[in-house]
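User: I'm new to this one and would like a quick tour. Can we go through it piece by piece?

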Amino acid sequence: MEERIDVLSPSFRANPYPHYAAMRTSSPVCQVDPGGMWAVSRWDDVLFVLKNPALFSSQGFKAVMEPPWIGYNPLVHSMLALDPPAHTRLRGLVTRAFGGGTTRRLAPKVERLAEELAGKLVGEVDFVEGFATPLPAFVIGEILGLDPSLHVFFKRWADDISSIAPEPESAAHVVQVRTAIADLSGYLREVVAARRRAPADDTVSDLIHAEVDGHSLTEEEILDFLVLLLLAGLETTTHLLGNTMILLAAQPALWDRLRGDPALAAPFVEEMLRYDGPSHALPRIATAEVTIAGVTIPAGSLVLALVASANRDERRHADPDRFDIDRNAQGNLQFGHGIHTCVGALLARMEARIALEVLTRRFRRVELGAGEIRYNRTIAIRGPVVLPVRFS
Ligand code: HEM
């Protein structure tokens, strides 16, 4: 294959899919930059990684998201980056909060907010700021019972924390990210203190009163958990909505179909997740030497399970680079697989479906604006952080 790919380079960030296709064809397990991580790109091999947590530890998040220049990143001390049995104990604590009951309870509120936000999309607007961020911020704010006036800070915190790369961009970047972590932790610490004084019917109170093996969670464990819940559902959903608008601006016929038949919103979201969902690389550490597709990966290596590539694997889906709302794709790996499968998948699907229904009902078209689209720069997820659009 071509020379070693840098997954943080601007050309890769702008469009990684041709690179994934080349990897799947000629080097399905290969080393990439920065740092020589091992990228696994075919469906079967990605599934093998995700199904074997004993061989592929989620401590990979720590390697990617807590480089030495960061200090402490609560996200990588949460269950996202833990392996069994610690992960198993914590995961059971929050599944209730993310089930069908919560999704049904929140759906009418999400629809009202989507209508309200859509009403302000006049002229050229940044879709990320005007719609794709406030919607998921509201949802996670509701679940955690957070003060709505603070939603505006979520995006900055999420942007700063997800900008963590092996090397900082500048001295100012170091300060900015560390400040974001300190501010976010400080804010959540206050929320926990307030719930200790006055418990409420929300996830924060549930975590304070939860017992795992006869012990309450420590203050740090609660904070790590809350940071995960806040961040995991925010940028991912924002990027899903952003990627969706980019596709619909390029394919107006799809907009017309959705407008004509709102029932297509749900299958559209499934195909969107497959075609250009936000999750790209799930990091793992190989706990022992392992051979995949004939390539031997040394013990201790950082492995990237490329879920976005797996979802375009021609061995799994015919004509995978075509967006096909009628495809009825059997499963995709956007929400992961196995013990760490996303707990917010129902919520994310509901948010995206309602967003599509509301926007296509109200507007005849979406077009890209004159301003430049800017993508995020992080290994795990991909989507626009600035997306100028015009609705008509
Ligand atoms: C389109 C939106 C979303 C996508 C694509 C997505 C994707 C993922 C993926 C791939 C994982 C597994 C990570 C791994 O195996 O290493 C995951 C885990 C997780 N997600 Fe999501 N997610 C989305 C939305 C949400 C939402 C809305 C929430 C909550 C509000 C959420 C909360 C979580 C949590 C708590 C975990 C950790 C689960 C564990 O470690 O057991 N996610 N997500």
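User: How many bridges do S1 and S2 pair over, and in which sense?
Analyst: Keep in mind that this is a predicted model. The two strands also form a hairpin, with four residues between them. Within the pairing, Cys30 has Ala39 in S2 as its bridge partner. As for the sense and the count, S1 and S2 run antiparallel, over four bridges.

User: Which residue in the turn of that hairpin has a positive phi?
Analyst: Let's look at the loop between S1 and S2, where Pro34 is found. The peptide bond from Asp33 to Pro34 is cis, with omega near -5 degrees. The residue in the turn with a positive phi, of about 90 degrees, is Gly35.

User: Where does the other cis bond, the one with omega of about 5 degrees, sit?
Analyst: Most peptide bonds are trans, so a cis one is worth pointing out. Here the cis bond joins Pro84 and Pro85. Pro85 belongs to the loop between helix H4 (60–65) and helix H5 (86–91).

User: Which residue has a positive phi although it is not a glycine?
Analyst: Most residues other than glycine have a negative phi. In the loop between strand S5 (211–212) and strand S6 (215–216), there is a residue that goes the other way. With a phi of about 50 degrees, that residue is Asp213.

User: Back to the strands: which ones stand at the edges of the five-stranded sheet?
Analyst: The sheet is open and mixed in its pairing, with the order S1-S2-S10-S7-S3. A strand at the edge has a single partner, so one side of it is left without a neighbour in the sheet. That describes strand S1 (29–32) and strand S3 (56–57).

User: And what stands opposite Arg284?
Analyst: Look at strand S7 (residues 281–286) and strand S10 (residues 302–306), which pair in the antiparallel sense over five bridges. Opposite Arg284, in S10, is Val303.

User: Which helix lies across S2, S3, S7 and S10?
Analyst: The helix in question covers residues 43–51. Against S10, its direction is at about 125 degrees. The name you're after is H3.

User: How do the axes of H13 and H14 cross?
Analyst: Helix H13 (residues 235–250) and helix H14 (residues 252–260) have axes that come within 5 Å. The angle makes H13 roughly perpendicular to H14. By class, their contact has nine nonpolar, no polar and no charged residues, with Leu248 in H13 and Trp255 in H14 among them. The crossing angle is roughly 105 degrees.

User: How many charged residues are in the contact of H15 with H17?
Analyst: The axes of helix H15 (residues 265–276) and H17 come within 9 Å and cross at roughly 120 degrees, which makes H15 oblique to H17. H15 passes H17 in a right-handed crossing. The residues that meet include Phe268 and Glu270 in H15 and Arg349 and Leu356 in H17. Sorted by class, there are seven nonpolar residues and no polar ones, and the charged ones come to four.

User: Last one: which residue is the single protein donor to the ligand's iron atom?
Analyst: Head for the loop between helix H16 (307–310) and helix H17 (345–362). The donor atom is an SG, 2.3 Å away from the iron. That atom belongs to Cys342.

How values were computed. Residues numbered from 1 in each chain as written. Predicted model: local features only at pLDDT ≥ 70, side-chain atom pairs only at ≥ 80, totals over all residues. Heavy atoms only, no water. Donors = N, O, S within 2.8 Å, 3.2 Å for Na, K, Ca; no water. Axes fitted to C-alpha atoms, helices over the stretch in contact; angles between N-to-C directions. Parallel < 35°, antiparallel > 145°, perpendicular 65-115°, else oblique. Left-handed = near helix turned anticlockwise from the far one by under 90°. Contact = heavy atoms within 4.5 Å. Nonpolar A, V, L, I, M, F, W, Y, C, P; charged D, E, K, R; others polar. Pairing = 2+ DSSP bridges.
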